[in-house]
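Subject: The structure I promised you

Hi,

Here is the structure we talked about, ready for you to open. Have a look at it first, then read on for what turned up.

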Amino acid sequence: MIPNDGWSRRPVAGLFVIVLFFFAFTSHASAEWKEQVLYSFQGGADGATPAGGVVFDKQGNLYGATQQGGGNNCSPMAACGTVYQLAPPAKQGDPWTETVLHVFQGKQYNDGEFPSGGVIADAAGNIYGTTAYGGTGDCVLLGIKGGCGTVFELSPPQTKGGKWTYAILYSFATAKQGYVPWGDLVFDSAGNLYGATYFGGGKGTTCDAFYKYCGAIFELSPPKTKGGKWTETVLHSFAGISKGDRTGDGANPNGGLVLDGAGAIFGMTSIGGYNCPRFQGFGCGTAFELNPPTKTGGAWTEAILHRFTDGNDGAGPNGGLIFDGKGSLYGATAGGGSQESGVVFRLGRAKKGGRWIEAVLYAFQGTTDGGDPQGLVFDSLGNLYCSSGPIVQLKPPNQKGGKWTLNVLYDFHGSPDGRNPLELIFGASGELYGTTLYGGTGQSCEGGCGTVFKASP
C-alpha cells in the first residue's frame, strides 16, 4: 500500500469513496486582508470539493472544476464531479451566480469522472481539463473497470444563454498511455497540450501496489483537419527507484507543468529520486526538466534538476513550478524542512557549469504560519504568495543573503468561511482568487463542501 502520512497527496486505492488528505493549521489573528466567499458549494447538483484553482475569461467570469457532486451515480468510483462557471454580480455586494457547465457521467457512459486539477482557457474561451478516471480505457482498480482518465474540452455557446459543447479530446486507452491524469494542463504556442499522469506510462513497478507504473508526461496534438482526433504522445515515463537503489528516477508527477522559451518542460514528482528515510523505497521527490528532441521523431531527454532528501531541502513536492523574470524556478514541498511542515524553495542555475542549485527560502513551522504550502504566484514586485492553511506572503530580502519574510494575510475559519485553500490567481486589481477544498455553508459534506473566494488588501 502506498504511504499516506498526512502530507502525501496521492490517489488512494479505496476510491469508491475518494479522499485526499489535507491538514488544516491554525494561524494567528493578525491577518490584514479581507476575504469574501463568492460561492459555497452545497454538495448536490452544484458540485463539491473543488479540484484545483480557477481561471478568468475576458468578461470576468470564473471557471473551475469540482471533484465530486453533480451526480452520485458514477459507478464504480462513486464521484462524478462538475465543471462550473461563476458570473460576477451586476451590482457590488450581490452574490455571484453559479452555472454548472457539465456534470460528468463516468465510465458507464464512457465519460470522465473525478476532475483532477484546475481548468485552463484558450484565447477563444474554450475550457480544458482532466479527469482522473472514466473514459473508454481499460484500466482496472481492485477488479473493477474504472477507466484510465480523460482530457476534455468545453466550448462556449454561439448565442448568449446557449449550452456549452462538451467533448472528450482523449481517453487514455491503457495504463501504458497514462493512468490518472493529474494537475493542470498547459498549452504551447503551437496549440499542443501538455500534462502529467500520476500513474501509468509503462515503467516502474515500485510506486504502488494497486496502480500500474510510476507516471508519465504526455503531449496532446490537435488534429490537422477539423473534426479529426487529437493525438497523444508519451514524452517520458518515470521509472521510480529500483529496489535496493539509493537514487533513481522520479515517480508520480503531479502536474502544473511549465514551459520555457525553448520548449523544455519543467515539473516535479511527488516521490522518487532519493531513497530518503521518510519514504523508504519510494523516494522524497524530484524537480525535473524534459528537453525536446534535436531531430524530428527523436526522443525527449530527461534531466533531474534536484532530488529532495527529506532534510532541510524539503520532501514531497506539492504542485508545479513557476519561473521568475530571471529564469529561476520556484516551488513548494508538502513535507521536509526544519519542522517537517514543508518549504518554499528556489532552483537557480550556477554561473559555472549550468548545474541547478536549490535554496530554501522559507521552512514552515506548522504553527502560526501553517504548512503544506502550495499554489505559488508572484506579484509585480517579486513577492510570493501561497496557501499554507492561511494565505501567506513571502517578501524577498532587502539585501543579498538576507532572509525572506513571511506575512499571514488571511486565516480561514471553516464554516461559513472556507478551509484548506488551493491554488491562487491574481485579479485585475490585485486581489487573490482561489478555492478551498472544504468549509463553506454546504451541509451535505463533512466539514463543508468547499468554496470559491476573493481575498483583498
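A disulfide here is a pair of cysteine sulfur atoms within 2.5 Å. Keep in mind too that this is a predicted model.

**Disulfides**

With that rule in hand, how many disulfides does the count come to? The count comes to five. Let me walk you through some of them.

Take cysteine 139 and cysteine 148: their sulfur atoms sit 2.0 Å apart, and they form a disulfide. The angle about the S-S bond is 105 degrees, and the link is right-handed. Are these two cysteines buried or exposed? Buried means under 20% relative accessible area. Cysteine 139 has a relative accessible area of 4%, so it is buried. Cysteine 148 is at 0%, so it counts as buried as well.

Next, cysteine 74 and cysteine 80. Their sulfur atoms are 2.1 Å apart, and they too form a disulfide. The torsion about their S-S bond is about 120 degrees, so this disulfide is right-handed. Both cysteine 74 and cysteine 80 are buried.

Then there is the link from cysteine 207 to cysteine 214, with 1.9 Å from S to S. Its torsion about the S-S bond is about 105 degrees, so you can call this disulfide right-handed. Cysteine 207 counts as buried because its relative accessibility is 2%, and cysteine 214 is buried with a relative accessible area of 0%.

If you number the bonded cysteines along the chain, what pattern do the disulfides follow? The pattern is 1-2, 3-4, 5-6, 7-8, 9-10. Cysteine 386, on the other hand, is in no disulfide. The nearest cysteine sulfur to it belongs to cysteine 284, and that is 20 Å away. Cysteine 386 is buried, with a relative accessible area of 1%.

**Two sheets**

Now for some strands. One open sheet is formed by four strands in the order S14-S15-S16-S17, and the pairing is antiparallel. Which strands are at the edges? They are S14 (179-187) and S17 (231-237), and each of these pairs on one side only. From one strand to the next, the twist averages 25 degrees. If you want to look at one pairing in detail, try S16 (residues 216-221) and S17: they run antiparallel and are joined by six bridges. Within that pairing, phenylalanine 218 has valine 234 in S17 as its bridge partner.

Another open sheet also has four strands, in the order S1-S34-S33-S32, and its pairing is antiparallel. Its edge strands are S1 (34-40) and S32 (418-426), each pairing on one side only. Here the twist averages 30 degrees from one strand to the next. S1 and S34 (residues 451-456) pair in the antiparallel sense over six bridges. Find lysine 34 and you will see serine 456 of S34 standing opposite.

**A pocket**

Rolling a probe the size of a water molecule over the atoms shows where empty space is left. The one to look at is the second largest pocket, which holds about 820 Å³ of space. It is lined by 28 residues, and the closest to its centre are Tyr330, Arg346, Leu361, Pro397 and Trp404. Which elements give two or more residues to that lining? They are strand S26 (343-349) and S27. S27 gives the most, with seven residues. Sorted by class, the lining has twelve nonpolar, eight polar and eight charged residues.

**One loop residue**

Last stop: threonine 367. Where does threonine 367 lie? Look in the loop between strand S27 (356-363) and strand S28 (374-378). Buried is under 20% relative accessible area and exposed is over 50%. Threonine 367 has a relative accessible area of 45%, so it is partly exposed. You can also compare its position with that of serine 415, 48 residues apart from threonine 367 along the chain: their C-alpha atoms are separated by 21 Å.

That's everything I wanted to pass on. Have fun exploring!

Cheers

Notes
Residues are numbered from 1 along each chain as its sequence is written. This is a predicted model: local features need pLDDT of at least 70, side-chain atom pairs count only at pLDDT 80 or more; totals for chains, interfaces and linings use all residues. Side-chain values use heavy atoms; hydrogens and water are left out. Buried means under 20% relative accessible area, exposed over 50%, partly exposed in between (1.4 Å probe, protein chains only). On a 1 Å grid over the protein atoms alone, a cavity is a set of points where a 1.4 Å probe fits but cannot get out, and a pocket is an open set with protein on both sides within 12 Å along at least five of seven lines; lining residues have an atom within 4 Å of a point. Grid points are joined across faces, edges and corners, and a volume is the space filled by probe spheres set on the points. Ala, Val, Leu, Ile, Met, Phe, Trp, Tyr, Cys and Pro count as nonpolar, Asp, Glu, Lys and Arg as charged, and the others, Gly among them, as polar. Two strands pair if DSSP finds at least two bridges between them. Axes are lines fitted to C-alpha atoms, for helices over the stretch in contact, and angles run from 0 to 180 degrees between N-to-C directions.
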